[in-house]
Amino acid sequence: MKKEELMNLIDIESGEEFTYFENLASMLEADESISADSIYEVLSEVDMHVFSELVESYFFDIMEHMPDDIDVYNILEAEKRNLIALAESANKNEEGALNRLADEIERFHEHFSLKQNCEIVNHDDATSASVSLRDAIYDYRISKLSKENRDYDISGASDYEISEYIVSFGDLS
């Protein structure tokens, strides 16, 4: 996917418009692979402070209503902190930080939205499906509203390893 296609997908005309929750959600939840190069090109125009706030909000939203699995929850929490730390490093123009951020977003997107590593069992019609973590979380939300009798096994998503967890000492205080 080229930069223009990614910008079209996230509904912006320039990186400066990357200011809404929906922009980040569209990128992380895309149904197709997105190259780190395209992500880098878009992020090079994005206000990294705003991006950090969007990451915080996005992960809060998905983690607030997800099936119970402490391992996956902890992975998502660590990934949130990692993305925020990388964005803050990029905001400070630290060498290679924007590249690492783009690489990490690409890796997370693949694991979160494309890899079918979760299982949903629908007891109402005795069916099951393998889905991505993204789809399992959203199906879980819908099933709570519709009162459908489903079980969710998202433990397959716990095989994700955070590539780098970078937090400056000053950020800890």
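Analyst: Buried means under 20% relative accessible area, exposed over 50%, partly exposed in between (1.4 Å probe, protein chains only). This is a predicted model: local features need pLDDT of at least 70, side-chain atom pairs pLDDT 80 or more, while totals for chains, interfaces and linings use all residues. Residues count from 1 along each chain as its sequence is written, and side-chain values use heavy atoms, without hydrogens or water.

User: Which residues of helix 2 are buried?
Analyst: Helix 2 covers residues 21-28 (DSSP runs, H or I, at least four residues; strands E, at least two; numbered from the N terminus). Its buried residues pack against helix 1 (3-9), helix 3 (36-43), helix 4 and helix 6 (97-114). They are N23, L24, A25, M27 and L28.

User: Which element gives the largest share of the largest nonpolar core?
Analyst: This core (buried Ala, Val, Leu, Ile, Met, Phe, Trp, Tyr and Cys joined through side-chain atoms within 4.5 Å) has 52 residues. F18, M27, F51 and L101 have the most contacts inside it. Elements giving two or more residues include helix 5 (70-91) and strand 1 (116-122). The largest share, nine residues, comes from helix 4.

User: Which residues in helix 7 does helix 4 meet?
Analyst: Helix 4 (residues 48-64) and helix 7 (residues 133-146) have axes 9 Å apart. On the helix 4 side, the contact (heavy atoms within 4.5 Å) uses Y58, D61 and I62. The helix 7 partners are I137, Y138 and R141.

User: Roughly parallel, roughly perpendicular or oblique: how do helix 4 and helix 7 pack?
Analyst: The angle is about 55 degrees. Under 35 degrees is roughly parallel, over 145 roughly antiparallel, 65 to 115 roughly perpendicular, and the rest oblique. Helix 4 and helix 7 are therefore oblique.

Definitions and conventions
Axes are lines fitted to C-alpha atoms, for helices over the stretch in contact, and angles run from 0 to 180 degrees between N-to-C directions.
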